[in-house]
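Visitor: I am new to reading protein structures. Could you show me one and explain the words as we go?
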Amino acid sequence: MNIRVKNDGTILLPTLIISGMLISLALALTKIVSDELQFSADLLLAERAYFAAESGVEQSLLSLKTSPINYVNIETILPNASITEVFVENSKTEFPFSLPPKTILRWQLGLDTNDEMLVVQKLVKDFEINIDPPATVSDLQWKIQCNNSLVNTTEMLQARASGNLITEISIGGWDNGTDLPVDKNIQDFLSSFLDDDLCFISLTNFGNGNISGKVKSLNGEMAPAQTHVRAIGKAAGREKIIEFEYRQKNLNPFFDFGLLHREN
């Protein structure tokens, strides 16, 4: 007996449809998984770039703490193929200033001591202060304060401005806390200090109006009261940037009520 099986392909179409759906679903799941993996990788690399930038910030703060006068331009390779770049715009020879009433601004007198600059520490003794008219000159007081490392004392030279230009021959009252105060010019006062002594110059506005001008170093760089820091973190093409203005410790503008009260 011969048995004939009728096979006209009616089951083929549903099979193809179901197979196509399964393939589409598999491709969709593969795409989802791939996107999630890529997102996770991007997130991880972004975090590495961010923490590399944070590392650059820490490097800049350490450098500024070690020496408040410092060029910083560093590239460091970190773990996981991350890179940090640090740029600190800090060392200058001329500083414009604007002093509102009853405020003080202070700079350190000194040279950049970074090894990369190949210079030795040196006390800046030649500088000038230009006061822009129409400021009331007598409202501006300048003061130079130095720590004498030889005798472990603090000495000051200060006076009210008598003209629109303050230079090395300008005369102020000298006070070392023990001897009777006498008059000295800036050059004679600074000549008694060593290059590694800490010296600061401050400007105080005792008036009621704004005073502006510029402090200019004639033979080296002085540390500014404020500096700009830029840290860049990189990881496999991802980049994070942290920028901020850093105010140097003990070099920022401040209001000394006691000093102003005694002067008035």
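Visitor: Leaving aside its neighbours within four places in sequence, which residues is glutamate 155 in contact with?

Guide: A word of welcome before that: this is a predicted model. Beyond those neighbours, glutamate 155 is in contact with Ile144, Gln145, Cys146, Asn148, Trp174, Asp175, Asn176, Phe189 and Phe193.

Visitor: Where does glutamate 155 lie?

Guide: Glutamate 155 belongs to strand S7. Strand S7 (residues 153-160) pairs with strand S6 (residues 140-148) in the antiparallel sense, over eight bridges. Within this pairing, asparagine 147 is opposite threonine 154 in S7.

Visitor: How do you know that glutamate 155 has no salt bridge?

Guide: Let us set the distance against the cut-off. A salt bridge needs a side-chain nitrogen of Lys or Arg within 4 Å of a carboxyl oxygen of Asp or Glu. For glutamate 155, the nearest side chain of opposite charge is lysine 184, and that is 5.3 Å away. Glutamate 155 is therefore without a salt bridge, although it is buried.

Visitor: What makes the meeting of glutamate 155 and asparagine 148 a polar contact?

Guide: Their side chains come to 3.4 Å, and the cut-off for such a pair of N or O atoms is within 3.5 Å. The pair therefore counts as a polar contact.

Visitor: What sheet do S6 and S7 sit in, and how are its strands ordered?

Guide: Six strands form an open sheet, in the order S4-S11-S6-S7-S9-S10, with antiparallel pairing.

Visitor: Why are strand S4 and strand S10 called edge strands?

Guide: Strand S4 (103-108) and strand S10 (182-185) each pair on one side only. From one strand to the next, the twist averages 25°.

Visitor: How many salt bridges does the structure hold?

Guide: The structure holds three. In one of them, the side chains of lysine 234 and glutamate 85 meet at 3.2 Å, N to O. This pair links distant parts of the chain, with lysine 234 in strand S13 (residues 226-235), glutamate 85 in strand S2 (residues 82-89), and the two positions 149 residues apart.

Visitor: Why is glutamate 85 called buried?

Guide: Its relative accessibility is 13%, and buried means under 20%. Glutamate 85 therefore counts as buried. Lysine 234, with a relative accessible area of 28%, is partly exposed.

Visitor: What makes glutamate 94 and lysine 214 a salt bridge?

Guide: Their closest approach is 3.8 Å, N to O, and the limit is within 4 Å. The pair therefore qualifies. Glutamate 94 is in strand S3 (residues 94-99) and lysine 214 in strand S12 (residues 211-217), so the bridge ties together parts 120 residues apart in sequence.

Visitor: How do you know whether glutamate 94 and lysine 214 are buried or exposed?

Guide: Glutamate 94 has 33% relative accessibility and lysine 214 has 32%. Partly exposed covers what lies between under 20% and over 50%, so both residues are partly exposed.

Visitor: Which residue forms a salt bridge with arginine 230?

Guide: Arginine 230 forms a salt bridge with glutamate 243, the closest N and O atoms being 3.6 Å apart. Arginine 230 is in strand S13 and glutamate 243 in strand S14 (residues 238-247), 13 residues apart. At 29%, arginine 230 counts as partly exposed, and so does glutamate 243 at 45%.

Visitor: How many helices and strands are there in the protein?

Guide: The protein has three helices and 14 strands. Of its 264 residues, 36% are buried.

Methods
Residues are numbered from 1 along each chain as its sequence is written. This is a predicted model: local features need pLDDT of at least 70, side-chain atom pairs count only at pLDDT 80 or more; totals for chains, interfaces and linings use all residues. Side-chain values use heavy atoms; hydrogens and water are left out. Two strands pair if DSSP finds at least two bridges between them. Helices (H or I, at least four residues) and strands (E, at least two) are DSSP runs, numbered from the N terminus. Axes are lines fitted to C-alpha atoms, for helices over the stretch in contact, and angles run from 0 to 180 degrees between N-to-C directions. Buried means under 20% relative accessible area, exposed over 50%, partly exposed in between (1.4 Å probe, protein chains only). Lys and Arg count as positive and Asp and Glu as negative; His and the chain ends are not counted. A polar contact is a pair of N or O atoms within 3.5 Å; within protein, one must be able to donate a hydrogen and the other to accept it, and residues adjacent in sequence count only if both atoms are side-chain atoms. Contact means heavy atoms within 4.5 Å.
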